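Ready for some practice at reading a protein fold? Grab a pencil and keep the viewer open while you work.

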Amino acid sequence: MQLYIDTANIEEIRSAAAMGVLDGVTTNPSLIAKEGVDFIDRMNEICDIVSGPVSAEVVATEHDAMIEEAMPLTEIAPNIVIKLPSTVDGLKACRTLSDQNIRTNLTLCFQPLQALLVAKAGAFLVSPFLGRLDDLGQDGMELIQQIRTIYDNYGYDTKILAASIRHPLHLVQCAMIGADVATVPFKVIQQMMNHPLTDRGLEQFLADWASRNAPATAGAH
Ligand code: G3P
């Protein structure tokens, strides 16, 4: 499973990239707004750090305006992926961009038929939002399973990018179902290598090693 970071924060991106396991980045208008920075400048900065796919989202809601907004974004770097909403206009824009070999990420996917249609329109990525479905008392993971089955049934190349990940258990379940990619907040990436027994075991190993090498105490036989 590929691992993307879901943030527009440069320090978080640098830290995750330094772990050596980061495959890409997703941003959205809310994440950019939270940073209070210029959108294009920030996308350039991110692409200087990460060579894998970096999603940049349009805010236009109508096909022609989406394309107009997308084209300058594609100039930022070759690894920019255009993020579009899973609406009818987003679907049309996906087809237009796919026909020009421009990669797209169809976001805000909440039901399997949206995923079916965006795959038919040539999307590079589809982003089902797990956590936001869970928030409504629906099973977000069931959506990932449904999309996996549909894509496997018909051999669609679109990659399933599990989004709105809230905790490590989401990632375990996504990996078992076979999501192609997960985009993960920095806090959850940090949790992925954590276990209290690892810390306790390491502490014990180091303490035992230190005592083994300790110089013999005065008077010892
Ligand atoms: O980037 C899209 C998605 O991951 C948002 O997650 O936590 O705002 O539902 P969240």
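Here are four exercises on this predicted model, each with a worked solution.

**Exercise 1: The sheet**

Task: Find out in what order the eight strands close into a barrel.

Solution:
- Follow the strands around, and you get S1-S2-S3-S4-S5-S6-S7-S8, with parallel pairing.
- Next, look at the twist: neighbouring strands of this sheet are turned by 30° against each other on average, ignoring direction.
- For a sample pair, take S7 (residues 159–162) and S8 (residues 181–184), which run parallel and are joined by two bridges. Here Leu-161 sits opposite Val-181 in S8.

**Exercise 2: Strand S3 and its surroundings**

Task: Work out which strands pair with S3, and whether its residues Val-54, Ser-55, Ala-56 and Glu-57 are buried or exposed.

Solution:
- Start with S2 (residues 24–26): this strand pairs with S3 in the parallel sense over two bridges. Thr-26 has Ser-55 as its bridge partner in S3.
- Now try S4 (residues 80–85), which pairs with S3 over four bridges, again in the parallel sense. Ala-56 stands opposite Ile-82 in S4.
- To get from S3 to S4, the chain passes through helix H4 (residues 63–74), and this β-α-β crossover is right-handed. H4 lies across S3 and S4, running at about 160° to S4.
- Finally, check the two faces of S3 (residues 54–57). Val-54 and Ala-56 on one side are buried, and so are Ser-55 and Glu-57 on the other, which leaves both faces covered.

**Exercise 3: Two helices side by side**

Task: Describe how H6 (residues 112–120) packs against H8 (residues 140–154).

Solution:
- Geometry comes first: the helices pack at an angle of about 35°, and their axes are 9 Å apart. Their crossing is right-handed.
- Then list who meets whom. H6 brings Pro-112, Ala-115, Leu-116, Val-118 and Ala-119, while H8 brings Leu-143, Gln-146, Ile-147, Ile-150 and Tyr-151.
- Sort these residues by class, and the contact has nine nonpolar, one polar and no charged residues.

**Exercise 4: One glutamine**

Task: Why does Gln-173 count as partly exposed?

Solution:
- Locate the residue: Gln-173 belongs to helix H9 (residues 168–177).
- Recall the cut-offs: buried is under 20% relative accessible area and exposed is over 50%, with partly exposed in between.
- Gln-173 has 33% relative accessibility, so this residue counts as partly exposed.
- One extra distance to check in the viewer: the C-alpha atoms of Gln-173 and Gly-24 are separated by 20 Å, and the two residues are 149 residues apart along the chain.

Methods: Residues are numbered from 1 along each chain as its sequence is written. This is a predicted model: local features need pLDDT of at least 70, side-chain atom pairs count only at pLDDT 80 or more; totals for chains, interfaces and linings use all residues. Side-chain values use heavy atoms; hydrogens and water are left out. Buried means under 20% relative accessible area, exposed over 50%, partly exposed in between (1.4 Å probe, protein chains only). Two strands pair if DSSP finds at least two bridges between them. A crossover is right-handed if, with the strands pointing away from the viewer, the path from the first strand over the helix to the second runs clockwise. Axes are lines fitted to C-alpha atoms, for helices over the stretch in contact, and angles run from 0 to 180 degrees between N-to-C directions. A crossing is left-handed if the near helix is turned anticlockwise from the far one by less than a right angle, and right-handed if clockwise. Contact means heavy atoms within 4.5 Å. Ala, Val, Leu, Ile, Met, Phe, Trp, Tyr, Cys and Pro count as nonpolar, Asp, Glu, Lys and Arg as charged, and the others, Gly among them, as polar.
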